[in-house]
Structures are given as C-alpha cells and as structure tokens.
Amino acid sequence: MSERPYVLLSCAMSADGYIDDASPERLRLSSAADWDRVDAVRAGCDAILVGAGTIRADDPRLLVRSERRRAKRAERGLPPDLTKVTLTWSGDLDPGARFFTTGESPKLVYAPSRTAGGLAARLDGLAEVVDAGDPPALATMLGDLAARGVRRLMVEGGGGVHTLFLTAGVVDELQLVVAPFFIGDPSAPRFVQSGVFPQSPDRPMRLEEVTRIGDLALLRYLTGAARG
C-alpha cells in the first residue's frame, strides 16, 4: 500500500486486556489527565476513525475538546475538528448518533457495495457514504483518505477495528494505556480479537516510550509497519 495515512492506534485497556466490562454502563478505564493527553493527540491528526459498533455502543462525539487546541488548529488553517470516519459491514447506523450530529468537519462512512446505496439515502446531508467494495477493502479506504489529504489517521476502536488494522500491518504507532485493575470476564470485549498479526516474538514492536499517568501506564510502540 504505497499511499496511505500514517496510522496511530490509541486504546485504553485493563491489565488483562479488556476495553470494557459486560455491564450496560461504559467502563471508565482512563482518567482526566489521560483524556486530556488523548485530546492533544487528536488535535495533531487529520481524521479519526471508529467502527460502527463503537458508534452504536458508546455514541461518541469524537471532537477536539480543548478550545485552546481548537484555536491553534484554526491558526494553522485546519478545521477545529477532525474528519470523522467509520466503516460498517451491515449499514446499521443511526442518523441521530452524535458521530453525525456534532462537529462541522466532514463525516465519511465506508460501506460494502451491497449497502452503500441505501445507507447514502438514509445519511443524506449528514455524511458521505463511500463504496469500499464487497467486502470492504482496507486498502481502498486508506487510499481514499490519502487522496482526500488525510496524512495522519487516529484509530480509536473497538476491538474488531483494532484487529482489522493490526493484522493488515497498516498501524504505524500504537499508544496503549494500561489501567491498574482486572476485568476477568470472557464475555467482555478485548483490545484485539483472534487473528494473525505481523508482530511476533521474532518480530516484536519497538517500545518507544513509557509514561506514568497517575496509576495508568502509557506504552507507546512503533510497530515496524511497512511503508510503500
């Protein structure tokens, strides 16, 4: 894949690798200090991507929260918020989700050919739906984002999306925050699902930075993803 954005994958997980528990309420794995750090990372990117499942489960806004950072982006000639991106296989997206109703920046939905037409009609005026093939091809999506001027893409979940990007070998940087507790519930969602990953004991990621954020640990890895 010769033309694609730099991909930064950001995630917070428990000490045993879970990104949520199985209760109806969203589990808070992070802290105010870490949320502010993540906001700063967002402000340095061009687009932010989550899967359709994350939109359904968490209803995220995916905005830059700090007014100071928003103003600095504007001073650089950038929109205050990032382009929002999602990918869906089923087309099951609520037009009333905050992904679509908050922020002035473009919203992009990559969908398979069989659902793209109907989804475009339902999201008319809210988002641009892009036919990514059947099944949707990650290379098509990343190439389209690069053609739109996205140089730096932040990926924020969930586990299926993490697995898709990591197994495809297109993640350049991983920022992983580890919370100081365990979940221990096999029915809860994990950081990644089963898959064949490019990294292995013989080909590990490079640990670039370790930062303490209160009782949280930020591990920043460079993955060695091949660039075209």
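This is a short tour of a predicted model, stop by stop, with a selection to make at each one.

**Stop 1: the sheet**

Start by showing strands only. Nine strands, 9 in the program's count, form an open sheet with mixed pairing. Read across it in the order β5-β4-β3-β2-β6-β1-β7-β9-β8. Now colour the two edges, β5 (128–131) and β8 (206–213). Each of these edge strands pairs on one side only. Look along the sheet for its twist: neighbouring strands are turned by 20° against each other on average, direction ignored.

Next, select β1 (residues 6–13) and β7 (residues 173–178). These two strands run parallel and are joined by 6 bridges. For one pair to look at, pick L8: its bridge partner in β7 is E173. Keep E173 in mind for a later stop.

**Stop 2: helix α1**

Select residues 32–43. This is helix α1, with 12 residues. Does its length fit, or not fit, a rise of 1.5 Å a residue? At that rise the helix should span 16 Å, and its end C-alpha atoms are 17 Å apart, which agrees.

Leave α1 on and bring back the sheet. The helix lies across β1, β2 (47–51), β6 (152–155), β7, β8 and β9 (216–222). Against β7, α1 runs at about 170°. Which residues of α1 are buried? They are D34, R37, V38, D39, V41, R42 and A43. Charged residues D34, R37, D39 and R42 are on that list.

**Stop 3: helix α7 and T163**

Move to residues 159–167, helix α7. This helix also packs on the sheet, where it touches β1, β2, β3 (83–87) and β6. The direction of α7 makes about 140° with that of β1.

Zoom in on T163, which sits in α7. Is T163 buried or exposed? Its relative accessible area is 8%, under the 20% limit, so T163 counts as buried. Leaving aside residues up to four places away in sequence, T163 touches V192, Q193, S194 and F197.

Click on Q193 from that list. Q193 lies in the loop between β7 and β8. It is partly exposed, with a relative accessible area of 48%. With the same sequence neighbours left out, Q193 touches G159, G160 and T163. Then draw a distance from Q193 to P180. They are 13 residues apart along the chain, and their C-alpha atoms are separated by 21 Å.

**Stop 4: the cysteines**

Select C11 and C45. The structure holds 0 disulfides. Why is C11 not bonded? The closest cysteine sulfur to that of C11 is in C45, 15 Å away, which is too far for a bond. A disulfide here would need the two sulfur atoms within 2.5 Å. Both side chains are in buried residues: C11 has a relative accessible area of 9%, and C45 has a relative accessibility of 1%.

**Stop 5: salt bridges**

Side chains of opposite charge can pair when their charged atoms come close. Across the whole structure there are 18 salt bridges. Visit three pairs, then a network.

- Select D46 and R151. Their closest N and O atoms are 3.9 Å apart. D46 is in the loop between α1 and β2, and R151 is in the loop between α6 (138–147) and β6, so the pair ties together parts that are 105 residues apart in sequence. D46 is buried at 15%, whereas R151 is exposed at 58%.
- Select D59 and R98. Their side chains meet at 3.5 Å, N to O. D59 is in the loop between α2 (52–58) and α3 (67–75), and R98 is in helix α4 (residues 98–101), 39 residues apart. Both count as partly exposed, D59 at 28% and R98 at 35%.
- Select R114 and D134. Here the N to O distance is 2.5 Å. R114 is in helix α5 (residues 113–122), and D134 is in the loop between β5 and α6, 20 residues apart. R114 is exposed at 55%; D134 is partly exposed at 44%.

Finish with R152, E173, E209 and R220. Salt bridges link these four residues in a network. E173 is the bridge partner of L8 from the first stop.

Definitions and conventions
Residues numbered from 1 in each chain as written. Predicted model: local features only at pLDDT ≥ 70, side-chain atom pairs only at ≥ 80, totals over all residues. Heavy atoms only, no water. Helix = DSSP H or I, 4+ residues; strand = E, 2+ residues; numbered from the N terminus. Expected span 1.5 Å × (residues − 1). Buried < 20%, exposed > 50% of the residue type's maximum accessible area, 1.4 Å probe, protein only. Contact = heavy atoms within 4.5 Å. Pairing = 2+ DSSP bridges. Axes fitted to C-alpha atoms, helices over the stretch in contact; angles between N-to-C directions.
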